Structure formats: C-alpha cells, structure tokens
Amino acid sequence: MQTVLFHETVFGPIHSRRLGTSLGVNLSPVDGKVCTFDCLYCEAGYNAQGPGRSGLPPREHVRQLLENRLSAMHAAGENLDVITFSGNGEPTIHPDFAAIVDDVIMLRDKYFPHVSISVLSNSTQLHRPDVVRALRRVDNNIVKLDSAVESTVSALDRPMLSAFTAAKVIDQLRGFSGQCIIQTMFTRGTHNGISVDNTTDDEVKALIEAYRTIRPAQVMVYSIDRRTPEQSLQKVSAEELCDIAGRITAQTGIPVQVTA
C-alpha cells in the first residue's frame with residue numbers, strides 16, 4: 001500500500017509546481033494519515049494505512065520546529081517563496097489550527113516578511129468559524145472543489161463526513177466573498193469497476209456554474225503528477241487542461257492557472 005509522503009512536521013523547502021520554493025508545515029502525523037477525504041488520487045495513499053502512533057503535532061512543537069528552520073534559512077541567506085500548510089492529511093482538522101496560523105504569521109513576519117503563507121485545504125471544515133477566520137488571514141486560501149456533481153465527489157474524493165455535499169461546500173466557499181483560490185484536480189479512470197471522470201462536458205459545465213457562484217480570485221487546474229493509490233487514474237494532458245481553463249475564463253472572467 002502507498003504510504004505517507006512526509007515524515008517531518010516541517011519539511012523542505014521543496015519546489016511546488018504551483019507555488020514555487022515552499023517550506024511545508026505538516027499538521028498530520030509523521031507516521032500515518034488523518035484526513036476527512038480518502039481521495040483516489042492522494043499521493044499520501046489511502047486512509048486505510050492508519051493514523052500511525054505519533055499523533056497530531058502539538059502547537060508549541062510546530063512553532064519551535066518552524067522557528068528553528070526559518071532562523072537557519074534566514075542566517076544562511078536561503079531563498080523562500082511560501083510557507084505552505086500541507087502534508088499527510090487535512091491541516092484544518094488540527095484542533096489548534098487557528099492558533100498555529102497565528103504562530104506562522106508571527107514567525108513569517110519575523111524572518112521572511114516578504115513570503116506568502118498558503119493553506120491547501122479540502123474544504124471540509126468550513127462549518128467551523130475558527131477555521132474560516134484563520135483561512136481569511138493567510139495570503140493564499142487554496143480550497144478544493146474537484147466536482148460540483150454529488151456522485152463524482154463521492155466517487156473521487158470519498159468524503160468521510162456524511163454531512164459533506166458539493167452543494168453545501170459551494171455555498172460555504174461563496175461565503176469567502178472572493179478571498180479564496182479554488183483548486184480542481186482533473187483525472188479519469190475506474191475504481192471498483194465504476195467509471196470516475198470529472199473531465200466530461202457535463203462535469204465542466206457544472207464546475208463553471210459553481211465557480212460563477214463562488215467568484216474566487218483564481219482557479220487552479222491540474223492533474224496527477226505522481227503515483228496514485230488507484231492506479232487506473234490517467235493524467236489529463238496539458239492541452240486538455242488549457243482547453244478547460246479557456247472555457248472557465250471565457251464564461252466566468254476568472255483567471256485560471258494551469259499546472260501540467
């Protein structure tokens with residue numbers, strides 16, 4: 001079984017396809033996966049691998065590790081574009097997520113005041129006011145919407161929360177009043193003999209209507225880049241992604257970043 005990607009709480013810097021030179025903050029266990037989605041394409045593997053034994057990192061531990069790394073990078077004159085909440089699961093489920101965001105902002109201002117802070121979120125915790133307030137404080141509130149069709153969300157993202165629906169999350173995302181970036185993973189394949197494809201004309205039309213409702217600052221479209229737990233999934237070509245991006249911008253006026 002494919003296993004977790006990141007064995008550190010603060011990792012990198014790494015080169016992000018979308019964000020540049022990124023120092024990662026992993027609020028999930030370093031030896032397991034904890035997520036409210038169980039996506040067919042997750043590079044960290046399925047949730048079935050378990051949460052490990054290390055547990056979620058305490059707030060003070062995150063703060064100290066990040067300060068150590070930023071201080072050393074600053075002293076060495078190293079380059080940094082962004083500090084990114086990412087890792088082996090969903091960062092916003094950490095009980096101290098909002099407070100950790102405060103710590104990261106403080107440390108960023110102290111050592112690298114020019115860099116951005118990004119959060120990659122799957123949008124499942126937007127019912128929590130503390131999470132929404134924290135996401136409004138970061139530079140890049142990058143939230144997920146892979147499909148506006150309920151059956152596709154269920155098949156591709158496999159939400160662990162029964163109350164999660166595409167319709168509900170679209171309404172919650174609209175509440176950011178444009179202070180968000182939507183990321184959409186495009187792929188196609190099968191799982192347990194069932195076709196999964198969010199690139200069809202109907203799927204793209206539904207997403208365009210959702211983007212029009214949400215009015216994000218930007219949409220990021222991309223496809224798989226590494227091995228996925230569901231090995232039948234196919235990478236969508238750069239040409240097809242650009243065609244989809246062109247449709248989105250033409251019909252909504254929203255800028256689209258294509259990562260191929």
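Biologist: Which residues have the most contacts inside the largest nonpolar core?

Modeller: A general idea helps here: in soluble globular proteins, nonpolar side chains tend to be buried together. In this predicted model, the largest nonpolar core has 68 residues. Those with the most contacts inside it are Leu-70, Phe-85, Phe-97, Leu-145, Leu-173 and Ile-182. Helix H2, residues 97-111, gives this core its largest share, 7 residues.

Biologist: What does the second, separate core include?

Modeller: That core has 6 residues, including Val-82, Ile-142, Ile-181 and Met-220.

Biologist: Let me pick one residue from the big list. Leaving aside its neighbours within four places in sequence, which residues is Leu-145 in contact with?

Modeller: Set those neighbours aside, and Leu-145 touches Val-169, Ile-170, Leu-173, Ile-182, Gln-183, Thr-184, Leu-207, Ala-210 and Ile-214. Two of these names, Leu-173 and Ile-182, also appear among the residues with the most contacts inside the core.

Biologist: Now for Asp-146. Where is it found, and is it buried or exposed?

Modeller: Asp-146 sits in the loop between strand S5 (140-144) and helix H4 (150-156). Its relative accessible area is 2%, so Asp-146 is buried, as the cut-off for that word is under 20%.

Biologist: Which side chains make a polar contact with the side chain of Asp-146?

Modeller: One partner is the side chain of Tyr-41, at 2.5 Å. Another is the side chain of Lys-144, at 3.1 Å. If you also look for contacts beyond four places in sequence, Asp-146 meets Tyr-41 again, along with others including Leu-156, Asp-157, Gln-183, Thr-184 and Leu-207.

Biologist: On to cysteines. How many disulfides does a search of the whole structure find?

Modeller: First the idea: a disulfide is a covalent bond between the sulfur atoms of two cysteines. In this structure the search finds 0. For Cys-35, the nearest cysteine sulfur belongs to Cys-42 and is 6.4 Å away. A disulfide needs the two sulfur atoms within 2.5 Å, and Cys-35 is in none. Cys-42 is in no disulfide either, with the sulfur of Cys-39 nearest at 6.2 Å. Cys-35 counts as buried, at 19% relative accessibility, and Cys-42 counts as buried at 19% too.

Biologist: Last one: how many cavities of 30 Å³ or more are there, and which residues line the largest?

Modeller: The search of the whole structure finds 1. The largest cavity has a volume of about 50 Å³. You can trace its lining through Phe-37, Asn-122, Lys-144, Leu-145, Asp-146, Ser-147, Val-153, Asp-157, Phe-164 and Val-169. Leu-145 and Asp-146, which we visited earlier, are both among them.

Methods
Residues numbered from 1 in each chain as written. Predicted model: local features only at pLDDT ≥ 70, side-chain atom pairs only at ≥ 80, totals over all residues. Heavy atoms only, no water. Core = buried A, V, L, I, M, F, W, Y, C linked by side-chain atoms within 4.5 Å. Buried < 20%, exposed > 50% of the residue type's maximum accessible area, 1.4 Å probe, protein only. Helix = DSSP H or I, 4+ residues; strand = E, 2+ residues; numbered from the N terminus. Contact = heavy atoms within 4.5 Å. Polar contact = N/O pair within 3.5 Å; in protein donor to acceptor, adjacent residues only side chain to side chain. 1 Å grid on protein atoms, 1.4 Å probe; cavity = no way out; pocket = protein on both sides within 12 Å on 5 of 7 lines; lining within 4 Å. Points joined across faces, edges and corners; volume = space filled by probe spheres on them.
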